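Ready for a few warm-up exercises? Have a look at the structure first, then work through the solutions step by step.

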Amino acid sequence: MKKIEINSGSGGKINLSYNDYGSGKPVILIHGWPLSKEMWEYQLSALVDAGFRVIKYDRRGFGKSDKPWTGYDYDSLASDLKGLIDGLQLKDVSLVGFSMGGGEIARYFGKYGSENISKAVLISSVAPGMLKTTANPDGVPEEQFKEMMGGLKDDRIGFLADFGKTFFGINMVNHPVSEPLLQYYLNLESHASAKATQDCMKAFAYTDFSEDVKKIDVPTLIIHGDADKIVPIDAAGRRAAKAIKNSRLIEYEGAPHGLFYTEKEKLNKDLVAFLKDETPMAQKTTAQRTDAVVS
């Protein structure tokens with residue numbers, strides 16, 4: 001584990017915890033809420049073995065990064081990402097964001113453009129927005145976010161334990177994650193600060209990335225499960241595919257939100273294929289597919 005000091009988007013300096021493995025073109029993995037960089041355990045070997053330099057980091061407030069009281073808006077989080085890229089002097093970077101991390105990618109393009117960025121991957125991403133509005137009728141009702149905040153304030157760990165079941169699509173007939181692994185993820189979540197957990201929930205719930213995603217001008221892969229109960233595919237994944245010109249959407253049939261584990265073999269195959277492919281996206285047909293095979 002390493003730490004890098006960056007100028008905070010909300011003033012002052014903070015330290016971000018990160019790991020840096022392999023060599024080759026850099027790939028930055030941006031974790032989801034309310035986890036940490038350790039969520040990428042099952043993608044790491046596949047990407048390093050494929051010849052990439054893989055960097056995963058803890059968002060401020062989570063994992064082993066600094067936990068300031070403020071700065072959990074997406075402008076600050078995108079600034080942190082830029083600080084990491086600039087501090088490590090990275091070029092030709094591929095950004096891979098899961099869930100909340102997809103919002104960081106969208107806001108990064110909205111604020112800083114695509115300099116030094118060559119590709120983007122949005123996995124179960126919140127962009128271009130989760131909240132149910134007139135423009136996003138398939139989004140999540142505001143009342144649901146208010147209930148989430150109430151649960152976080154009243155009993156954060158208890159709420160997150162229940163949230164994990166929906167996150168991985170656990171029900172009476174389907175249990176794709178073992179109890180020990182579920183407890184492991186809960187342990188990762190417990191190390192985040194309560195303030196960061198609450199503020200980041202508000203950030204991904206209420207931030208509109210509609211204008212940001214229009215500025216994503218690099219080849220972009222969008223992967224989303226059609227059984228995602230946390231970030232509905234109609235509210236986010238399918239809208240993102242329509243908004244990002246140079247994009248391709250792969251829908252995983254029956255997959256829940258936490259497909260980085262439940263669909264790890266398919267996801268790793270699709271990630272590696274997309275990141276290694278040098279064929280211009282303009283020569284390919286943008287499509288919504290359920291076979292989870294990049295062609």
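**Exercise 1.** Find which residues of α10 are buried (under 20% relative accessible area with a 1.4 Å probe, protein chains only).

*Solution.* The buried ones are K264, L267, N268, D270, L271, V272, F274 and L275. A quick note before moving on: this is a predicted model, where local features need pLDDT of at least 70, side-chain atom pairs need 80 or more, and totals for chains, interfaces and linings use all residues. Residues are numbered from 1 along each chain as its sequence is written, and side-chain values use heavy atoms, without hydrogens and water.

**Exercise 2.** Work out how α1 and α10 pack: at what angle, and how far apart are their axes?

*Solution.* Start with the axes, which are lines fitted to C-alpha atoms over the stretch in contact, with angles running from 0 to 180 degrees between N-to-C directions. For α1 (residues 41-49) and α10, the angle is about 35° and the axes are 10 Å apart. Next, look for contacts (heavy atoms within 4.5 Å): Y42, Q43, A46 and L47 of α1 meet K264, L267, N268, L271, V272 and L275 of α10. Those contact residues split into 7 nonpolar, 2 polar and 1 charged.

**Exercise 3.** Decide what kind of aromatic pair F98 and F260 form.

*Solution.* Rings pair if their centres lie within 6.5 Å, and planes over 60 degrees apart count as edge-to-face. Here the centres are 5.1 Å apart with 80° between the planes, making the pair edge-to-face. F98 sits in strand β5 (residues 93-98) and F260 in helix α9 (residues 259-262), so the pair ties together parts 162 residues apart in sequence.

Terms used:
Buried means under 20% relative accessible area, exposed over 50%, partly exposed in between (1.4 Å probe, protein chains only). Helices (H or I, at least four residues) and strands (E, at least two) are DSSP runs, numbered from the N terminus. Ala, Val, Leu, Ile, Met, Phe, Trp, Tyr, Cys and Pro count as nonpolar, Asp, Glu, Lys and Arg as charged, and the others, Gly among them, as polar. Rings of Phe, Tyr and Trp (its six-membered ring) pair if their centres lie within 6.5 Å; planes under 30 degrees apart count as stacked, over 60 as edge-to-face and the rest as tilted.
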